[in-house]
Amino acid sequence: MAEKLPSRSENFADWYNQLVLKAELADYAPVRGCMVVRPYGWALWENIQAALDRRFKETGHVNAAFPLFIPMHFLEKEKEHVEGFSPELAVVTHGGGEKLEEPLVVRPTSETIIGYMYAKWIKSYRDLPVLINQWGNVVRWELRTKLFLRTLEFYWQEGHTAHATEEEAREETLRMLGVYADFAINEAAVPVIQGVKSESEKFAGAVQSTTIEAMMGDKRALQAGTSHFLGQNFAKAFDIQYLDRNNTLQYVWTTSWGLSTRFIGAIIMVHGDDQGLVLPPRLAPIQVVIVPIYRNESQKSEVMEAVRRVGGELTEAGIRVKVDDRDEVTPGFKFNDWEMRGVPLRIEIGPKDVEKGSVALARRDIPGREGKSFVPQAGIAQTVAEMLTTIQDALLARATAFRDANIHDPKDYAELQEVVKDGWAFSWWCGDAECEAKVKADTKATTRCIPLEGVEGEGKCIVCGKKATQKVYFARAY
RNA sequence: CGGGGUGUAGCGCAGAUGGCAGCGCACCGCGUUUGGGACGCGGGGGUCGGCGGUUCAAGUCCGCCCACCCCGACCA
């Protein structure tokens, strides 16, 4: 652990990279574009997994595991799918010292191999719906990589469902988007906008892609999770058919939805500050760190007795606590160290606290004196639990206010070009891909989504001035 | 793949005109410290990105290669 971070406001990209390394979330692997998720980062991911997995189970899904390798020709069965993914495939050509008959693709996503299996398993309307999720890793050979946000290999979950009717599949698509939004907002304190992707931004092979979009601390957008309505595209490509009640063969309707370790990047970029990471209490691997303070052995034994008692009460109450009893570093160092790692709440216990029966509480979301308070040891579990809730709520409120303050409604195209330099635009759009492409060429901003909570009425397209019935977010994105 | 840059200890760097490979941080040991990034003393650590060439002598000069980073076209 080490020195200060670059200033977040002055050099966001550098701040981000160093934070990831110094907070020990991840490190660069010896292969270009690959990362190692370190134990602290993985613990965060495990908490994300638990929060999502619980929601998947509650909505009737089960987990399974499909192979990493996919026969090359599977990808080629769905035209848009192969066009979308072929530039970024890792392909295995040899195995066991022999050249393979057919190359194997390392999965960039699993629609094809799961589609193949679904065709085997689904025979009757009684077999539907199939609601399966998989936790795993995928590989996409990206050109420009960045820790967590875009690496060659990443970890995620991908849900794949098959339904008897279009309506059911569309409902499922939106249900799971809602699950992501609920997770993002209520677990990660990351405010997101649910919406529909434009034709050019949608998943290769989908009929419709939906997304949760979040605003990062530098006002760029991040697609934090996606849910796709695949229509019958994969059903037809893989011949997934069932007999309906009338004994007629029908193609199923499928969906897929995914959320990846990229979300860790979102948490970092939404909540982090110049001191380092700031974790939402509900996902933080360590919610409270206790730092003992003493000058000599006799103070140490008194202090440690209080530290153990307080720590025990918190653990008892189900709070994730860490006692930092390292003797080789000073308390001041520990304060900075745990702030870098984003622990939501710090408790300091020193000789004065032993004397008064108190502890010092320091909130991570409010750095310095302002976030410090002194509370009695009696009833500490309750005090801390309430404080964690307060912090969780404060993070969401702050991020939401920041986002809303940086979404603009430009009056004309010239103003749109200005606002997307440092914020989002929410504008009428005729839906024409040419208008979308023009904005991208002029400003690097892309359409992020047409929000599900649509806007009433109609206006004029911000680009071409033609009639428009929908508003879309434009922003520079990760 | 185009444009730019960098490779010397784990990290950050220095090493005019070729001549014993160094500094800061980190790491190890001992002691003093400890309520916002402690200090002293001692110590370990290197195929100088790789290969070839010039030379009595190459981290330094020349050639080729490799890797990585930053900026542009694609992306959860």
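**Cavities and a four-stranded sheet**

Mentor: In this predicted model, the lining of the largest cavity is made up of five nonpolar residues, five polar ones and one charged.

Trainee: What volume does the largest cavity have?

Mentor: About 70 Å³.

Trainee: And which residues line the largest cavity?

Mentor: Glu111, Ile114, Gly115 and Tyr118 do, along with His160, Thr161, Leu230, Phe234, Ile240, Thr254 and Thr255.

Trainee: Which element gives the most to that lining?

Mentor: Helix 5, with four residues. Helix 5 spans 111–121, and strand 8 (153–163) and strand 14 (253–260) also supply at least two residues each.

Trainee: How many cavities of 30 Å³ or more does the structure hold?

Mentor: Two. The second largest has a volume of about 30 Å³, and its lining consists of Cys34, Met35, Val37, Glu153 and Tyr155.

Trainee: How does that lining divide into nonpolar, polar and charged?

Mentor: Four are nonpolar, none is polar and one is charged. At least two of the lining residues come from strand 2 (35–37), and at least two from strand 8.

Trainee: New topic. What is the strand order in the open sheet of four strands?

Mentor: The order is 20-21-26-22, and the pairing is mixed.

Trainee: Why is one side of strand 20 and of strand 22 left without a neighbour in the sheet?

Mentor: Strand 20 (407–408) and strand 22 (446–447) are at the edges, and each has a single partner strand, so one side of each has no neighbour there.

Trainee: Do strands 20 and 21 run parallel or antiparallel?

Mentor: Parallel, with two bridges joining strand 20 to strand 21, residues 424–429. His408 has Ala425 in strand 21 as its bridge partner.

Definitions and conventions
Residues are numbered from 1 along each chain as its sequence is written. Chains are lettered from A and ligands numbered from 1 in the order in which they are written. This is a predicted model: local features need pLDDT of at least 70, side-chain atom pairs count only at pLDDT 80 or more; totals for chains, interfaces and linings use all residues. Side-chain values use heavy atoms; hydrogens and water are left out. Two strands pair if DSSP finds at least two bridges between them. On a 1 Å grid over the protein atoms alone, a cavity is a set of points where a 1.4 Å probe fits but cannot get out, and a pocket is an open set with protein on both sides within 12 Å along at least five of seven lines; lining residues have an atom within 4 Å of a point. Grid points are joined across faces, edges and corners, and a volume is the space filled by probe spheres set on the points. Ala, Val, Leu, Ile, Met, Phe, Trp, Tyr, Cys and Pro count as nonpolar, Asp, Glu, Lys and Arg as charged, and the others, Gly among them, as polar.
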